[in-house]
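The following exercises concern an interface between two chains, a pocket and the ionic pairs of a structure. Each task is followed by a worked solution.

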Amino acid sequence: MEILNYDYPDATAPLAKRVHVGVVGSGDLEVLMEPSPDGKAHVVITTSVNGYGQIWKNVIDRFFTRFDRAATIEINDFGATPGMVALRLEQAVEVSK
Amino acid sequence: MSPDRPPPRSACPSAFRPHDLLRLAAIDALIGTGPMPATMPGWVRPALAAAPWVVVRRAPAPDGHIAVGVRGTARDERWAAWLPTRAVCEQCPPEAVADRYDRLPAPRRAALPALAAVPRLAALLIRLGLRGGPTGSVGFELASGRPTATPGSDLDAVVRADTPLDRAVAAVLAAGIGALPVRCDLLLETPNGAVALAEYARGPGPVALRGPRGPRLVADPWAPSPYEETRP
């Protein structure tokens, strides 16, 4: 298991509501979003698969090129494929609107 | 091995489906594929020598081949390959692995929570009139006989849902596996791909359908897939 932390101080737009999508289960992940108490975005990823820190960093960096909300995002990953990660992040954005 | 050899008789007459465990006639029949390394990693040969079984993956494969995955002893030891169908000498789908339960040593069945829960899962599926069984490390161990599950293993499982599963039945199933003494992840296999029981049983709302071309959100996992549509 590995825990990854990333901060995005430039993402400061308010998040409309709390979000919880995805599943706790093999090959899946859950994404939780809530308004950040300090007005900046923070991401905490707990993953069952070690050694993918750089890939996660790239995925989340890319996500924040089009997501500008001051959200505290918690991601719990259970060995999801990159496709499933993209799907759940997109779903979280849709639900947050 | 001769390429002209006729296909072997399999234990199950149905086509190969994701999660089926296949016993290999020859390790060298495996052909590496992406996105994982195409060349056979060093751990593959000893792993298959110990237990010559692979699992059918949900991915496209060339004609006459099956997309399969090889599992090693470590969690990150997974290798994707194509297997010519003629190199399959035994097929064990998840609904058949529980039949091999008595072949495992009783102390091992009792000591590992994921193995100990197999009869209760099987009874639950029978009670609800569903076809399915264990996958993952437990399914692999039951099919191959090679110790694969660990004391910390979850019980992964699949239910063949060729026709829509009533949400009320799904809720009973979810409650049933939730009451098992081990964490159980169950996938519903529809003709279009798989959805997590936990997500489907929540009630109406989009669910992630894992298809051969990757996952997508759908309202109804049994609705005809847009990828499969043909012109009239």
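**Exercise 1. Identify the residues that form the salt bridge between the side chains of Arg88(A) and its partner in chain B, and place this pair within the interface.**

Solution. The model is predicted.

Step 1. The side chain of Arg88(A) meets that of Glu199(B) in a salt bridge, with an N to O distance of 2.8 Å. This distance satisfies the criterion, which requires a Lys or Arg side-chain nitrogen within 4 Å of a carboxyl oxygen of Asp or Glu.

Step 2. Between chain A and chain B, two salt bridges are counted. Residue pairs in polar contact across the two chains, with both residues at pLDDT 80 or more, number six.

Step 3. On the side of chain A that touches chain B, helix H2 (residues 82-96) of chain A contributes the largest share, five residues. Classified by residue type, this side comprises four nonpolar, seven polar and two charged residues.

**Exercise 2. Describe the extent of the interface between chain A and chain B, and state which three residues supply the most buried area on chain A.**

Solution. Step 1. Contacts join 13 residues of chain A to 14 residues of chain B.

Step 2. The two chains bury about 1,100 Å² between them, and carbon and sulfur atoms account for 53% of it.

Step 3. Of the area that chain A buries against chain B, 39% comes from Val23(A), Ser26(A) and Leu87(A), more than from any other three residues.

**Exercise 3. Characterise the second largest pocket by its volume and its lining.**

Solution. Step 1. The volume of the second largest pocket is about 460 Å³.

Step 2. Its lining consists of 22 residues; Phe16(B), Arg17(B), Pro18(B), Arg58(B) and Pro212(B) lie nearest the centre.

Step 3. Strand E4 (65-71) and strand E9 (184-190) of chain B are the elements giving two or more residues to this lining. E4(B) gives the most, with three residues.

Step 4. By class, the lining divides into eleven nonpolar, four polar and seven charged residues.

**Exercise 4. Determine which residue forms a salt bridge with Arg58(B), and where the two partners lie in the chain.**

Solution. Step 1. Over all chains, the whole structure contains 20 salt bridges.

Step 2. In one of them, Arg58(B) pairs with Glu189(B), their closest N and O atoms being 2.8 Å apart.

Step 3. This pair links distant parts of the chain, 131 residues apart: Arg58(B) belongs to the loop between strand E3 (53-56) and E4 of chain B, whereas Glu189(B) belongs to strand E9 of chain B.

Methods:
Residues are numbered from 1 along each chain as its sequence is written. Chains are lettered from A and ligands numbered from 1 in the order in which they are written. This is a predicted model: local features need pLDDT of at least 70, side-chain atom pairs count only at pLDDT 80 or more; totals for chains, interfaces and linings use all residues. Side-chain values use heavy atoms; hydrogens and water are left out. Contact means heavy atoms within 4.5 Å. Buried area is the accessible area (1.4 Å probe) that two parts lose on being put together, summed over both. A polar contact is a pair of N or O atoms within 3.5 Å; within protein, one must be able to donate a hydrogen and the other to accept it, and residues adjacent in sequence count only if both atoms are side-chain atoms. Helices (H or I, at least four residues) and strands (E, at least two) are DSSP runs, numbered from the N terminus. Ala, Val, Leu, Ile, Met, Phe, Trp, Tyr, Cys and Pro count as nonpolar, Asp, Glu, Lys and Arg as charged, and the others, Gly among them, as polar. On a 1 Å grid over the protein atoms alone, a cavity is a set of points where a 1.4 Å probe fits but cannot get out, and a pocket is an open set with protein on both sides within 12 Å along at least five of seven lines; lining residues have an atom within 4 Å of a point. Grid points are joined across faces, edges and corners, and a volume is the space filled by probe spheres set on the points.
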